[in-house]
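Visitor: I have a structure to look over and some questions about it. Could you take me through them?

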Amino acid sequence: MQLKYSFIIPVYNRPDEIQELLQSFVTLKTDTDFEVVIIEDGSTITSKEIVDTFSGKLDISYYFKENSGPGDSRNYGMQRARGNYFIILDSDCILPENYLEEVDCALKKGYVDCFGGPDKAHPSFTNLQKAINFSMTSFITTGGIRGNKHSVNKFQPRSFNMGLSNAAFQNSKGFGTIHPGEDPDLSIRLWNLGYKTKLIPKAYVYHKRRISWHKFYIQVHKFGMVRPILNQWHPSTKKITYWFPTLFVMGFVVALFLLFLGYEWLFIVYGVYFAMVLLLALVITKSILVALWAVVAVAIQFLGYGYGFLKSTLALEVFNKDPKIHFPNLFFKQT
């Protein structure tokens, strides 16, 4: 089958991000034809003028629709794309020049209907962005679930860098209305339909998260809240490892209590772990400031995710709450 690629990119009030992303398309080194589909998700600050400046450089189309969330916007774009293989990106990503060649080569060697790629920090990113990138991608923090080549065998692609065939899209009906969590939900439904997924390690993107410590906490808190919902929808995917951030936070509270009583051993264990985070981040980033910020990022990540996971688990498993009613901020209305 001849692959024809369509890049699907929803955007919400971020024209500057689209400027950077589209410029990286211009500098791609590839002989493979592709189109770019921009879906403006009800923005009040639109990207239309930015997109128009690239109309002579790229095969690009632009659609404006009412706000219904990134999942529904991706579906909207895929329904209007001309290709038979969709590559879904977040608007805060930048492509390295060999991205499409790595994707095309990997799919020709071993075709799958859904792939995912990792994210990295560009040297130009801020120290905060680099620290959060380490926290989100390091094996010592997330186990490599976002794209480490040593991660679990059955890889769940993430929608900041995800490929999906038109056939898989049509049969699965694409993304649901939950957000975040729409990408693992789709991956699990694809598995149930018999489709395979895989990681393409060399098809990475630079993920330029526009984020602060507060926004990062809110993000990981929502990630934690979503996971018990996905576990309820897809019971076969439950794993004890999803409890680790919650147990980590609870253990730290116990460590502080024991330290107050004169027992230091558990607090020392936590100290050793954070020392390992500091050292590994220093080796990877070669910056003591980024390494120090990485320790903060890891603490916020565990706290936000762990608390969100516990809160959602209690609501669903103990109090039998309907997640769409109890957590309406995690769901968009589908158009």
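The questions below go through strands, helices and aromatic rings.

Guide: Please note that this is a predicted model.

Visitor: In what order do the seven strands of the open sheet run?
Guide: The pairing in this sheet is mixed. From one strand to the next, the twist averages 20 degrees. The order is S3-S2-S1-S4-S8-S6-S9.

Visitor: Which strands stand at the edges of that sheet?
Guide: An edge strand has a single partner strand, so one side is left without a neighbour in the sheet. Two strands fit that description: S3 (60-65) and S9 (197-199).

Visitor: Which residue of S9 stands opposite Gly 116?
Guide: Strand S6 covers residues 114-116. S6 pairs with S9 in the parallel sense, over three bridges. Opposite Gly 116 in S9 stands Leu 199.

Visitor: How many residues of strand S4 are buried?
Guide: S4 spans residues 85-89. On one side lie Tyr 85, Ile 87 and Leu 89, and on the other Phe 86 and Ile 88; all are buried. The strand is therefore largely enclosed by the rest of the structure. The count is five of the five.

Visitor: Which residue in S4 is the bridge partner of Ser 6?
Guide: Strand S1 (residues 5-11) and S4 run parallel, joined by four bridges. On S4, one residue stands opposite Leu 164 in S8. That residue is also the bridge partner of Ser 6: Phe 86.

Visitor: In what sense do S4 and S8 pair, parallel or antiparallel?
Guide: Strand S8 takes in residues 161-165. Five bridges connect S4 and S8. Their sense is antiparallel.

Visitor: Are the residues of strand S2 buried or exposed?
Guide: S2 runs over residues 34-41. One side carries Phe 34, Val 36, Ile 38 and Glu 40; the other carries Glu 35, Val 37, Ile 39 and Asp 41. Both faces are covered. Eight of its eight residues are buried.

Visitor: How many bridges join S1 to S2?
Guide: S1 and S2 run parallel. Within this pairing, Ile 8 stands opposite Val 37 in S2. The number of bridges is seven.

Visitor: Which strands are at the edges of the open sheet of three strands?
Guide: The order here is S5-S10-S7, with mixed pairing. Each edge strand pairs on one side only. They are S5 (93-94) and S7 (119-120).

Visitor: Which residue in S10 stands opposite Ile 94?
Guide: S10 covers residues 205-207. S5 and S10 pair in the antiparallel sense over two bridges. The residue opposite Ile 94 is Tyr 206.

Visitor: At what angle do the axes of H10 and H11 cross?
Guide: Helix H11 spans residues 265-285. The axes of H10 and H11 come within 7 Å. H10 passes H11 in a left-handed crossing. The angle is roughly 130 degrees.

Visitor: Why does H10 count as oblique to H11?
Guide: The two axes cross at roughly 130 degrees. Angles over 145 would be roughly antiparallel, and 65 to 115 roughly perpendicular. The crossing falls in neither range, which makes H10, relative to H11, oblique.

Visitor: How many aromatic pairs does a search of the whole structure find, and how far apart are the centres of Trp 213 and Trp 293?
Guide: The search finds 22 aromatic pairs. Among them, Trp 213 and Trp 293 form a tilted pair, with 45 degrees between the planes. The pair links helix H9 (residues 213-233) to helix H12 (residues 288-318), 80 residues apart in the chain. Centre to centre, the value is 5.5 Å.

Visitor: Which residue of the pair Trp 243 and Phe 309 is buried?
Guide: The two rings are edge-to-face, 4.9 Å centre to centre and 75 degrees between the planes. Trp 243 lies in the loop between H9 and H10, and Phe 309 in H12. Trp 243 is partly exposed, with a relative accessible area of 29%. At 2%, the buried residue is Phe 309.

Visitor: Over which ring does the charged end of Arg 227 sit?
Guide: Elsewhere, the charged end of Arg 80 sits over the ring of Tyr 76, 3.5 Å from its centre. For Arg 227, the distance to the ring centre is 4.2 Å. The ring belongs to Tyr 242.

Methods. Residues numbered from 1 in each chain as written. Predicted model: local features only at pLDDT ≥ 70, side-chain atom pairs only at ≥ 80, totals over all residues. Heavy atoms only, no water. Phe/Tyr/Trp six-rings, centres within 6.5 Å; stacked < 30°, edge-to-face > 60°. Buried < 20%, exposed > 50% of the residue type's maximum accessible area, 1.4 Å probe, protein only. Lys NZ or Arg CZ within 6 Å of the ring centre and 35° of its normal. Pairing = 2+ DSSP bridges. Axes fitted to C-alpha atoms, helices over the stretch in contact; angles between N-to-C directions. Parallel < 35°, antiparallel > 145°, perpendicular 65-115°, else oblique. Left-handed = near helix turned anticlockwise from the far one by under 90°.
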